[in-house]
Amino acid sequence: MNKKNCCLLKFHSNHRHTKKTFIMRRQFFLSLFFLAISGAVLKGQNGIIEGRIYNAKNNEPVEFATIAIFGTTIGSISDLDGNFLFTGMEPGFVELRVSSVGFEEYISEAIQVTNADRVYIEIPLEEANYELDEIVVKASPFRRDKESPLSLRRINIEEIEKAPGGNRDISKVIQSYPGVASTPAQRNDVIVRGGGPNENSFYLDGIEIPNINHFATQGASGGPVGIINADFIREVNLYSAAFPSNRGNALSSIIDLYQVDGNKEKFNFKGSIGASDLALTADGPIGEKTTYVVSARRSYLQLLFSVIGLPFLPKYNDYQLKVKSRINDKNELTLVSIGSYDINSLNLTADSTDQQKYILGNLPENYQWSYAIGLVYKHFREKGYDTFVLSRNYLDNKSIKYLSNDPETDTLLLDYASDEIENKFRYENTTRFDNGLKLNLGVNYEYAKYKTSNYNLTYINGSPLEFDYYSDLYLHKWGVFGQTSREFLGKRLLLSLGFRMDANNYNKHMSNLLNQFSPRISASYMLSTGLYLNFNTGRYFQLPAYTTLGYKDENGVAVNKENNLTYIQADHFVTGIEYLPDNQSKISVEGFYKIYNNYPFSLRDSISLASKGADFGLYGNEPVTSTGEGRSYGAEFLYRNKDLFGFNLILSYTLVRSETKPLKASLLNRKWLPTAWDNRHLLNLTGTRKFKGNWQVGFKWRFVGGTPYTPIDLEASANRFNWDYTGREILDFDRYNSLYFKPFHQLDLRVDKEWFLNNLTLNLYFDIQNLYNYATEGNEFLVQQFENERAIIENPEDPLPMQRYRMDKKTTQVGTLLPSLGIIIKF
């Protein structure tokens, strides 16, 4: 658990009454205003769904397809151009069932229908290729993927919009699913199946983006607030194994996000006021063939935190853009961009308690600017299509810290500035053959630049040490990949084979494609109708973070390059059973085993970087060797039912162990030690239910097993040299992760009320996180004792290097009740 974050949360709990009062007063009057205007406008059923059905192989329209509102008798037929239309629809979330002669049946993701907007959706159908002895597999809302028949979770917009405790934040919503851990510290670290938060990759409409969180931990995936605007999202695919070969550089998960298209007919606007920000979204047409969606968000957390006296003042801003042009039936072009600007400053007036003083003494001021922009061009052929992806992403990260936060007279502890720039190209050729074989082949190239200047006054191995260096890194990366899949035995057996090879010019080992040969195989056998036995194994590689590749020591030597750093390797073994009893429910059980090799191993504290990354600031900025070993293993259970006594229910349980080994030279008995992600038990129960009058109530209860931690070395921490130079604790790595925090559990509740008015939709929601206000103990921290405003030295008669301050050991409290009110308007 992150020490700083735990401290921040304890401060939250100390001020929760003031915070709740402020929130409730601020938003109570907004609620009255919108309730008042709602009585003057009549409700109607004017929802419109418009769309196009096309052949997934070549983008040609599918005529005379039958489209039905799933679970009803309402239907429509596509015309000669594949177009269809529903009018007079009742507002709410619906799914579409699509069928046509010669094609496999398809059930779409959830679609939100309102009176204020005409929904547009394009639905691909795959050619059936049935023979007389083959089994006809009925479509299910729980769609299966031929390349990844297991360890894939599809999350639709309804689950994101209405998730209790999620605040429309995708990083929080995925924590309801098996294998995904959450932390009481309320960070958005993506921790999947015991892997670290640096082991994930993210894609937005096919474009790789470096991070999905504000105030991102450079080199990892974490941060306190998500960047992705939920108004854009159509569907999220979470892969925890069986990664598609065209998605690389991941060891634990791939998160594939797909966005909605803009309205083809008219301009639409959507505004939302949530617990922490104001979001504005607009979409509409640009001519006959092009649509756009654009949004901007700005937080007001700094105003709230200032009022209630918190010692830090975060402020974030972000934008999101999608422009899609259907040039003709054979060509389409999509522009995607996302970016953020974040500032975290200190509130130096909030310094009356030990907790405030500790935060002010350890937290630097931070500035981050990032963006990603890319073009996706698709050209359709008779039996397939070509995809060209050109993108660029940029991160500018700055941090500064003075010993007593006084830049005029104080000692400089940290002055860090870094740029990461990636320019990427990817080409894919996808072909579907008449015998049902699907083949995807591709290549990728990337040019990356990393620059950093770093001044850091720290304490290593019992001595203060000053780092002051500049580093730059220029990398050329290249790769090839391929995957093929086909059904056999009358469609009972599905096989998928794939490979990747990646390389770069960092050193000789990394430049050889064969050293990073990444094969994978998935199989799924239908034992009976709706019952599947699934299997996957694969070898995956990930490049260490730029902060590690570009690190230099106090003498300006690129030690990690001299240490012949390599790609990190993870071998996956997964098997499981999936059962679809009916169209509304799904049960799955999976077992997994992951073996890690060549993990960067810290030469400073003799632990693997696999246990790091859940802290603000930097990850991997230290000397390492590629000698770390690790493993994670366990089992997952998932039960989903879209209509269990009226509830849409998700129940998941994960038993997981995450372990690493110490450096070979450090211990003769190299026993397995727990990593920071060794939660052991993860249990989530999420349910939502709709009531008359457009009311909806949802709850989420989660249980998170305690994670291990390393206790403080009190003797080293109290050393006068150390404390004067750094003002922070030293951990006792001889007792690495020998203690466990207590488990944490929390109940979140959300109530929604919607008004579907003529040309206007209004959604008012009330969300309470940690309803019963459960708190548990967090990290320990030290505070100096003073007498007559002077620090007490326990042994003033000893030489200065041996003197020790008198310290008080304190413990943070994690967990607090957090109510919030949100308003969403669409017209």
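A residue counts as exposed when its relative accessible area is over 50%, and as buried when that value is under 20%. Keep these two cut-offs in mind as we walk through this predicted model, since they will help us place several of its aromatic residues.

Let's begin with the chain as a whole. Its secondary structure comes to 10 helices and 47 strands. Along the principal axes, the C-alpha trace spans about 95 × 65 × 45 Å. How does the radius of gyration of the chain fit with a compact globule? For 827 residues, such a globule would have a value near 28 Å, and the chain has 27 Å, so the two agree.

Now for the inside and the outside. Of the 827 residues, 60% are buried. The contacts tell us how the chain is connected: among those between residues at least 6 apart in sequence, 68% join residues at least 24 apart. The accessible surface comes to about 32,600 Å², and carbon and sulfur atoms account for 57% of that area. As for charge, there are 90 positive and 93 negative side chains, and the centres of these two sets lie 3 Å apart.

The aromatic side chains are a good next stop, as the structure holds 17 aromatic pairs. One of them is made by Tyr450 and Tyr546, whose ring centres are 6.2 Å apart. Their planes meet at 20 degrees, so the pair is stacked, given that planes under 30 degrees apart count as such. This pair links distant parts of the chain: Tyr450 belongs to strand S27 (residues 438-460) and Tyr546 to helix H7 (residues 546-549), with their positions 96 residues apart in the numbering. Both Tyr450 and Tyr546 are buried. Elsewhere, ring pairs join Trp369, Tyr371 and Tyr394 into a cluster.

Finally, have a look at two phenylalanines in loops. Phe215 sits between strand S15 (213-214) and strand S16 (225-226), and its phi is near 50 degrees, a positive value in a residue other than glycine. Phe645 lies in the loop between strand S34 (624-644) and strand S35 (647-660). Phe645 also has a positive phi, of about 55 degrees, although it is not a glycine.

Which of our opening cut-offs does each one meet, buried or exposed? Phe215 has a relative accessible area of 8%, and is therefore buried. Phe645 reaches 70% relative accessibility, so this residue counts as exposed.

Methods. Residues numbered from 1 in each chain as written. Predicted model: local features only at pLDDT ≥ 70, side-chain atom pairs only at ≥ 80, totals over all residues. Heavy atoms only, no water. Helix = DSSP H or I, 4+ residues; strand = E, 2+ residues; numbered from the N terminus. Rg over C-alpha atoms; globule rule 2.2 N^0.38 Å. Buried < 20%, exposed > 50% of the residue type's maximum accessible area, 1.4 Å probe, protein only. Contact = heavy atoms within 4.5 Å. Areas by Shrake-Rupley, 256 points an atom, 1.4 Å probe, with all protein chains shown as cover. Lys, Arg positive; Asp, Glu negative; His and termini not counted. Charge placed at Lys NZ, Arg CZ, Asp CG, Glu CD. Phe/Tyr/Trp six-rings, centres within 6.5 Å; stacked < 30°, edge-to-face > 60°.
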